[in-house]
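Thanks, everyone. I have one structure to walk through today, and I'll keep it short.

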Amino acid sequence: MSDNKVNRVLIVGGGTAGWMTAAALSKRLNGLDVKIELVESEAIGTVGVGEATLPHIRHFNAGLGIDEADFIRETGATFKLAIEFCNWGRIGDSYFHPFGDYGQPGSAIDFHHLWSSFAPDDVAGALAAYSVPIQMARKDRFAVPSADQDSLLSTYAYAYQFDAGRYARYLRTYCEARGVTRTEGRIQQVAQDPQTGHIQSVTLEDGRSLSADFFIDCSGFRGLLIEQTLQAGYESWSHWLPCDRAIALPSATTDKLPPYTRATALEAGWAWRIPLQHRFGNGHVYASDFMDDTRAETLLREQLHGEALAEPNRLRFLAGKRKQQWVGNCVSIGLASGFLEPLESTSIHLIQVGLAYLLDLFPTGDWPGADSAAFNKVMALEYERVRDFLILHYKATERDDSAFWNYCRTMPVPDSLEERIRLFRERGLVSIYEKGVFLAPSWVSVFIGQGLRPQRTDPRCRAYTADQARAGMRALQSDIARLTDSLPDHHDAIRQLSRAHLATGAA
Amino acid sequence: MSPAPLRSLTILGSGHEGWLIAHFLHRKLGPVRPEIAVIEVEGDDGPAGLSTLPGAVEWLSGIGFNPVQLAAGTGGALKLGESFTGVSTTGADAFLPFGNVGAAAGPVQFHQQLARLGLLNPPQNYAGHALSTRLAKAGRFMGPLDDPRSIRAGLAFGLHLDARALRDALKQAGARLGIAHQASQSVGFERDDDGRVTRLQLDDGLTRESDFIIDTRAEARTDKRWRPTSLGAFDRVAETSLPRSGDLPPFTINRLAGDAWVRQIPLKNRSGISALLPSSLDAQSYLSDIFGCDVDLTSTPALAGRCTQPWMTNYLRMGAAAWRVPALAGADVTLLTKACDRLLQVFPHSGPSEAEAIEYNRLMGQEVDTALDFAHLLLVTQTRTEAVWQSARAITPSGNVQGALDLFRSRGRLMLDEFCHHGEDIWIAALLAMGVVPARHDPQADALEETALRARIARIDELVSQAPATSLSHDHYLDRVRGELAS
């Protein structure tokens, strides 16, 4: 007999956060006496364009038992191997941040040390030649990575680019088939226990009351429960990430279907381009202190390759996070817990991370405080590490063509990031951490992509003469080029997956 | 272009730590290694015995040693875990096993499964489901198997080592590799205006220039960069050796007695004994009473803590020069292995190496702090009633320890700080061995069907009880290894 006191969970808000939460809970808590209900209002809009992700999303979907081909078909997804960053270091520059490592697998010395020691200094893109996912991305190729750890095809991972609205609907179908109750309605009031302050129920506009033991706030920026009711507080990071507006605008597809997202730095922010099967997702993230909305929309429209398919969706936000993401009997997930601009596709990942920790700490109903303290501590670390990675893109610029970029180039940054920059600049090292989504190859991509070069490298590079190293690197470059030339076209890879899916008769 | 590589690297110290570092760097740096020399500066030979975590085994393999042969050939032994008696004044004996204990059921950890079935009462029952516990209590040993279908795949073991014999073996092996060494009664340093060591002054007016110096001498830890850690009223360590009697246990023995934490490391021909006790206690009489014989002991201040900046300019403290973690943490050797790994990751060139030093100091600071945390965990969770033990419970633990205790007591979960030296599995085993009982179990364990769960646990227990049938006694196992060495 269970003595667990959390038998009813209410998720406030739909969208990606809400339905990912419902899906994860319905899967993990299957077999428990826990009723899951999600309340959302169709009157409340969502961002509604493409969503780029990180490779971890595949594990999330796999954990739910979702068939990949089915998912790709239902969400209009494409594969994603990297993000291309244009004009971030200098105008005219371009580099890729791939999902994968550089060089040969299993080497004792990180490849960028060898490259920094022996490759020509003037070839900014040269490091990219030693990355399988970057070469695949540039050639619009795609193949599933190999499990053979000695193969070059094992040196990368992949993620997806998909329609967030479709994904949410896809997960809704998944959830409702597993007993999650969806309630349509807009919350008007929140009732709290007068002694503990815990949330007892929410009341909808039509007068219905929904009560629960545990509440998960997926209501977006406003944080209906975590902030408006429980006043968790918000820690602003806008002095490091000054962008506070976004315009989103879908556009028609073109004949090319790149397996990567593009982030193009503009005058006072940056524009995203996310290719889906049925359209492109576009957006412009910008700082209102440095640019007005009209100019922002103009710049966004200049970035479109195909015709716009809708009127722009406009958003305001404040970079930062809730001071506490779990208060009492309420946890915030997604935009309700904090906001970091989607420069490195971290929004869905932070939802996933929050859910993983929440499930590890799923409450028993005693509310001892240790659970929420542990959750808040670890989520703060995850957010801070993503934050630092994003700030790096802005700080490590040589651009001086606008007041915005002058601000970014000269702003002080968190000590944690200052140390990371110093460590790389002096010694080509990436600080080692256990928690935090971005591993060393990611940091190397941005450091080198935006022009930082280490003053000194791993001394073990001296085991090679310059001729030996360059010969080895030329051979590797050639192998990667030949290998990636042989891979299927991205578009064909998607079609093939769909055909295989249909052939198996999978639902 | 990088600065010139190190041409010379000097390791100071007379014990096993310096030689382990020398072997590690010799192997890992390969053709770009500097000239490495060990200066055996007279001093402390090291503890009476070394008791390691399993991580030491793989690490030694990685630098070219067969760890089991090394232990067997130097009068050492193997270690399947640690036993505890006297955790409470009235409580049960306990065992902390290495390796797997049971098996997770999806996301539900094994101890949560036991808790769900009411099988964690007392919590010391947990260890009984581990193969290492069964082997240890029967005085037997078998190694892990690289077959995921076998119950032996989850076995792990550490080492009991004779520090002096280990040093001698490493020194001999080092000589065969051409690692230079010399003895000196003392060493002095000449530094330039930037604080870099430019020359070492040795006996008889001899000097040695060195691009980089690694100091492992215990006496090096006596300046303002030392951050002490309280052990309550336990401020003294007494060490001795006793002749071996009876069978050779494959585990470290911890006895929490009236006024001391006594630790016994069984070696081939003797036991290394270390006792953590208050200086108000007559250690000589006390240990003589416990062991029923006269003991000849050395006594030193406990001095737990670490150096906050072990690496400055071209001078790096490692081992006894950089940290003092109470023996009861069982982190002998493995902290040094981590320090070596970190050093390799940031290995310097000649010239300034401030960034490397900052990163190394950060990482090793965190690692040592978690090892100190583990010692504190053991001290604050015992429930003995004597005054000295109450003082230990009154130690203010770090946020990491307090958070771990709060979370584990509440629901049997842990979320530890990064670079946790002992790892979550050992923390869980330790908490249960010390009698910490979660108030509630993971609610997700309730989804597991009870009959099937009981059957699964019974099957695990059956495999655990059957496996030792093909094991050897610990002595016999070591004899066989020594026989292989001789042939």
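I'll take the interface first, then one helix of chain A.

A word of caution: this is a predicted model.

So, how many residues of each chain are in contact across the interface? On chain A, 45 residues touch chain B, and on chain B the number is 42. Together the two chains bury about 3,700 Å². Carbon and sulfur atoms carry 53% of that area. Look at A:I432, A:R456 and A:R462. Within chain A, these three lose the most area to chain B. Together they account for 18% of what the chain A side buries.

Next, the polar side of the interface. Eight salt bridges cross between chain A and chain B. One of them pairs B:R411 with A:D371, and the closest N and O atoms are 2.8 Å apart. Polar contacts link 22 residue pairs across the interface, with both residues at pLDDT 80 or more.

Which helices of chain A supply at least two residues each to this side? They are helix 8 (347-360), helix 9 (370-395) and helix 11 (415-427). Helix 9 gives the most, with seven residues. By type, the chain A side has 19 nonpolar, eight polar and 18 charged residues.

Now to helix 4 of chain A, residues 111-118. Is helix 4 mostly covered or mostly open? Mostly covered: seven of its eight residues are buried. The list runs A:F111, A:H112, A:H113, A:L114, A:W115, A:S116 and A:F118. What do these buried residues pack against? Helix 11, helix 12 (440-449) and helix 13 (466-485), all of chain A. Helix 11 came up before, as a contributor to the side that touches chain B.

Methods
Residues numbered from 1 in each chain as written. Chains lettered and ligands numbered in written order. Predicted model: local features only at pLDDT ≥ 70, side-chain atom pairs only at ≥ 80, totals over all residues. Heavy atoms only, no water. Contact = heavy atoms within 4.5 Å. Buried area = accessible area lost by both parts, 1.4 Å probe. Salt bridge = Lys/Arg side-chain N within 4 Å of Asp/Glu carboxyl O. Polar contact = N/O pair within 3.5 Å; in protein donor to acceptor, adjacent residues only side chain to side chain. Helix = DSSP H or I, 4+ residues; strand = E, 2+ residues; numbered from the N terminus. Nonpolar A, V, L, I, M, F, W, Y, C, P; charged D, E, K, R; others polar. Buried < 20%, exposed > 50% of the residue type's maximum accessible area, 1.4 Å probe, protein only.
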